[in-house]
Amino acid sequence: MRLKVCGVTGEDQLRLLAGAPVDLVGLWYGVPGGPADLQLAELAHLAAVARAVGGPEPVLVTLLSDPAALCAAVAASGVSRVQLHGYTTPAQLRAVRAALPEAELLKVLHVRQGRVVESALLEAYQRAGADVFLFDSVGEDGRIGSTGIPLDASAVEAVLPRIDRPFLLAGGVSVAGARAHRAARQHPRFLGIDLDSGARTPDGAFHPGLIREIRAAWQPAPPGLAAALSCARLPVVMELKARSAHGQDLFRGRSATRLVAEYTRAGAPALSVVTGEWFGGSAALLEEVAGATELPILVKDFFTKERQLATARAAGAAAVLLTASVLPRTVLPRLITAALALGLTPFVEITEEAELAAVVHPQACVIAVNNKDIRQREQGRADLTRSLRLLPAVTATGTPVPVSASGIETPQQAAALLAAGYRGLLIGTGLLGSVDLDSWSATLARESELAR
Ligand SMILES: O=C(O)c1ccccc1NCC(=O)[C@H](O)[C@H](O)COP(=O)(O)O
């Protein structure tokens with residue numbers, strides 16, 4: 001993720017920011033009346049200092065859209081990134097592109113009253129040669145640039161499907177604001193954030209500590225479930241399930257937040273949260289877990305409708321359980337497609353080979369074999385040989401990460417399933433019941449190493 005700080009006016013600020021986690025600094029030029037507007041000579045001087053201190057790279061931030069004036073500023077300052085902050089038209093941007101073929105052009109998209117003002121022109125800006133988009137909020141009075149007003153997340157998300165350029169987010173960027181922009185931060189084209197007021201103390205001075213905190217809060221979440229399992233040393237989705245199928249309390253007085261911390265320390269690449277009521281789950285449990293982690297979260301519930309998937313997505317799910325044995329053959333494909341459209345990984349659980357016939361887009365799904373049977377409310381014994389039997393059929397679908405789920409109690413059983421060819425495991429009761437989670441995962445790591 002890249003972090004840009006805007007409105008730098010002095011050498012001392014540049015030197016301070018050179019020691020902070022900042023990638024780009026915005027130097028204002030051609031912003032009449034703007035509090036940080038610079039004369040051409042000042043712009044050239046600060047750009048030279050920025051290069052000399054070897055810190056963040058300068059960006060020329062301007063309301064100008066006249067190609068000749070912009071060429072002169074670029075020539076005088078040597079700054080090759082130009083942020084067109086005004087209501088530049090696609091035709092003007094095309095002319096700037098022609099005049100500055102080597103420059104990186106950042107086009108600002110203004111968000112006002114819940115919508116992107118330039119929404120109808122997005123494709124035209126892309127065709128005209130914009131390299132990067134930067135979403136920024138507009139004041140009630142029409143004021144633009146460093147307004148300090150939090151950016152409207154839903155206005156941004158509404159246009160993201162039409163954007164094929166990287167994008168930055170600006171407008172009142174703060175630690176607290178990161179949560180609202182979770183979906184945008186996870187978008188593959190998310191490039192970073194741009195801050196001004198959020199980077200300063202009340203007296204207007206830049207504060208590296210604040211910048212560091214904001215950077216940490218906005219860092220995009222790790223990759224989705226399949227990628228997280230593929231890269232993990234211990235590819236175990238660690239589950240938070242409040243009660244067993246027999247009503248036994250599995251949390252034993254531990255809060256969800258504490259369990260998240262323990263699982264994270266034990267090396268979990270992803271978490272599963274059972275929200276289903278049978279297992280003592282709830283939306284509040286998911287909310288607590290989502291607030292305590294940036295790991296991908298699988299939500300386990302009986303999803304039967306598209307709108308339930310959207311609710312799970314909004315609550316922080318990265319993946320959703322779709323249980324093939326309880327969903328009608330016509331419904332499963334629809335839910336898989338809907339989940340994918342929402343940016344969710346379908347975690348499709350099967351218990352028989354025949355259930356695979358209804359799994360569409362298997363390459364985009366994580367397919368898991370459940371060793372228990374949900375139709376018996378998981379009250380029967382687990383059968384791990386089912387996983388071994390069904391592995392060839394699951395692998396043949398092309399799913400990137402075959403998973404074995406449920407009833408895995410010991411690290412030795414887990415290691416044997418990985419050695420057999422499973423790329424991921426899902427474990428709840430075995431981990432929640434273990435007296436020493438760190439030693440459970442260390443044993444699994446050792447056993448897996450030996451099995452290799
Ligand atoms: O399997 C389902 O359809 C289901 C639906 C709603 C809530 C929970 C559901 N299954 C429970 C589980 O999947 C298990 O908790 C999970 O596989 C872990 O099992 P275990 O390691 O044996 O606790």
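Begin by selecting helix α10, residues 256-265, together with helix α11, residues 283-292; in this predicted model their axes come within 9 Å and cross at roughly 45 degrees. Because angles that are neither roughly parallel, roughly antiparallel nor roughly perpendicular count as oblique, α10 is oblique to α11. Turn the view until one helix lies in front of the other, and the crossing of α10 and α11 can be followed as a right-handed one.

Now show the side chains where the two helices meet: A256, T257 and V260 belong to α10, and they face L285, E288, V289 and A292 of α11. Sorted by class, the residues of this contact are five nonpolar, one polar and one charged.

Next, select helix α3, residues 67-77, and helix α4, residues 90-99, whose axes come within 9 Å of each other and cross at roughly 40 degrees. That angle makes α3 oblique to α4, and the crossing in which α3 passes α4 is right-handed. The residues to display here are P67, L70 and C71 from α3, along with A95, V96 and A99 from α4; by class, this contact holds six nonpolar residues, with no polar and no charged ones.

Finally, move to the ligand and select the residues around it, of which there are 23, the closest being G276, T323, S406, G428 and T429. To see which elements contribute, colour β14 (319-323), β18 (424-427) and α16 (429-432), each of which supplies at least two residues of the shell. If you then colour the shell around the ligand by residue class, you will find nine nonpolar, eight polar and six charged residues.

Note on methods
Residues are numbered from 1 along each chain as its sequence is written. This is a predicted model: local features need pLDDT of at least 70, side-chain atom pairs count only at pLDDT 80 or more; totals for chains, interfaces and linings use all residues. A residue is near a molecule or strand if its C-beta atom, placed from the backbone, lies within 6 Å of it. Helices (H or I, at least four residues) and strands (E, at least two) are DSSP runs, numbered from the N terminus. Ala, Val, Leu, Ile, Met, Phe, Trp, Tyr, Cys and Pro count as nonpolar, Asp, Glu, Lys and Arg as charged, and the others, Gly among them, as polar. Axes are lines fitted to C-alpha atoms, for helices over the stretch in contact, and angles run from 0 to 180 degrees between N-to-C directions. Angles under 35 degrees count as roughly parallel, over 145 as roughly antiparallel, 65 to 115 as roughly perpendicular and the rest as oblique. A crossing is left-handed if the near helix is turned anticlockwise from the far one by less than a right angle, and right-handed if clockwise. Two residues are in contact if their C-beta atoms, placed from the backbone, lie within 7 Å.
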